[in-house]
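Visitor: I should like to learn how to read salt bridges and burial in a protein model. May we go through an example together?

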Amino acid sequence: MFEEGQLYSPVTTGEDGSVTVHLGDDHPGVNDPAYRARRNEIAQVALGWRPGDPVPRIDYTDVENEVWATVSRHIAPLHERYACRAFNEAKAALDLPADRVPQLDEVTAGLQRLTGFSYVPAAGIVPLEEFYGSLADGVFHSTQYLRHHALPLYTPEPDVIHEVLGHGNLLADPQVAEVKRLAGAAARRMETRAGLQMVADVFWFTIEFGVLHEGGDLRAYGAGILSSYGEIEEFRSMVIRPLDFPAMATIDYDITHYQPVLFAAESFSHMVDAVGGFFAGCTDDTAAAMGLREPSEEASEAASAEAETIGA
């Protein structure tokens with residue numbers, strides 16, 4: 001998700017063990033030495049983590065906690081107005097703090113009692129097969145850094161606000177958690193790059209940017225919409241089409257702008273049945289039947305950089 005942000009914020013490790021996050025020239029924090037140092041510091045913590053270790057805690061600053069609080073304060077009434085009922089109920093059940101950044105182990109503790117999911121840290125780009133495959137095991141790779149404090153309601157890349165306010169709350173719903181597990185199992189089932197990209201693209205238009213009809217209104221359930229202060233205000237003005245998995249897997253879209261075309265389920269239960277059913281049954285043959293072909297080596301490398309971070 002946030003493909004451009006991930007492509008221009010790679011994480012590298014020097015011969016001396018130093019870690020550098022390479023921000024793009026138009027990133028809000030690119031000219032802030034303190035922010036850049038902080039990004040490097042948090043990335044190094046994530047890179048030092050190994051499966052089986054306790055998830056590292058970040059000692060968030062007052063400024064970082066205020067960024068979280070600002071976004072939480074502004075987006076809460078928008079969730080009430082525009083999010084589907086299941087999301088709001090799951091959000092209430094998870095009950096994350098609104099005044100400070102929750103630690104990933106706190107998110108895990110809440111999700112474990114609700115759906116069995118766990119959060120683990122990621123420093124930067126996570127390859128498609130690793131990010132999606134881990135969902136099958138109930139594991140979500142998440143960043144721990146925050147967007148720049150100068151623009152708290154904007155981020156060009158997925159940060160902990162997107163990962164937790166969007167995906168974390170969504171994962172607190174058992175039915176959505178199962179759909180994500182099915183997506184992970186589908187990704188692991190694929191033997192071709194075309195099949196894996198098909199899973200990623202359908203995931204994009206459903207779990208990231210999905211909408212549905214509820215109570216005579218159009219509501220959002222996608223984490224990308226529900227973690228974006230700007231997009232949540234705009235999604236109902238987009239072109240709305242019914243669920244169409246071949247179209248999702250083949251349509252051209254620009255992730256650097258608001259999505260002009262969204263696919264709506266008839267209801268929450270329809271979304272669960274249809275999207276879950278697609279992930280449960282799709283194969284490499286499904287991708288071939290859609291006319292999807294193996295990408296070139298260059299395109300495959302770019303697709304690897306599309307994985308969520310890192311976590312849309």
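The dialogue below takes up salt bridges, then burial and contacts.

Guide: Please note at the outset that this is a predicted model, in which local features need pLDDT of at least 70, side-chain atom pairs count only at pLDDT 80 or more, and totals for chains, interfaces and linings use all residues. Residues are numbered from 1 along each chain as its sequence is written, and side-chain values use heavy atoms, with hydrogens and water left out.

Visitor: What is a salt bridge, and how many are counted here?

Guide: A salt bridge is a side-chain nitrogen of Lys or Arg within 4 Å of a carboxyl oxygen of Asp or Glu. By this rule, 11 salt bridges are counted. One of them joins Asp105 to Arg57, with 2.9 Å between the closest N and O atoms.

Visitor: Where in the chain do Asp105 and Arg57 lie?

Guide: Helices (H or I, at least four residues) and strands (E, at least two) are DSSP runs, numbered from the N terminus. Asp105 belongs to helix 5 (residues 104–114), while Arg57 is in the loop between helix 2 (33–47) and helix 3 (62–82). The two residues are 48 residues apart, and the pair links distant parts of the chain.

Visitor: Are Asp105 and Arg57 buried, partly exposed or exposed?

Guide: Buried means under 20% relative accessible area, exposed means over 50%, and partly exposed lies in between (1.4 Å probe, protein chains only). Asp105 has a relative accessible area of 29% and is therefore partly exposed. Arg57, at 51%, is exposed.

Visitor: Which other residues meet in salt bridges?

Guide: The side chains of Arg100 and Glu106 do so, at 2.8 Å from N to O. Arg100 is partly exposed at 33% relative accessibility, and Glu106 is partly exposed at 26%. Another salt bridge is formed by Asp159 and Arg147, at 2.7 Å from N to O. Both Asp159 and Arg147 are buried. In addition, a network of salt bridges links Arg38, Glu41 and Glu64.

Visitor: How should I read the surroundings of a residue such as Met248?

Guide: One lists its contacts, where contact means heavy atoms within 4.5 Å. Met248 is located in helix 12 (residues 245–250). With a relative accessible area of 0%, Met248 is buried. Apart from neighbours within four places in sequence, Met248 is in contact with Asp201, Val202, Phe205, Thr206, Leu243 and Phe263.

Visitor: What is the distance in space between Met248 and Leu262?

Guide: Their C-alpha atoms are 9.2 Å apart, and the two residues are 14 residues apart in sequence.
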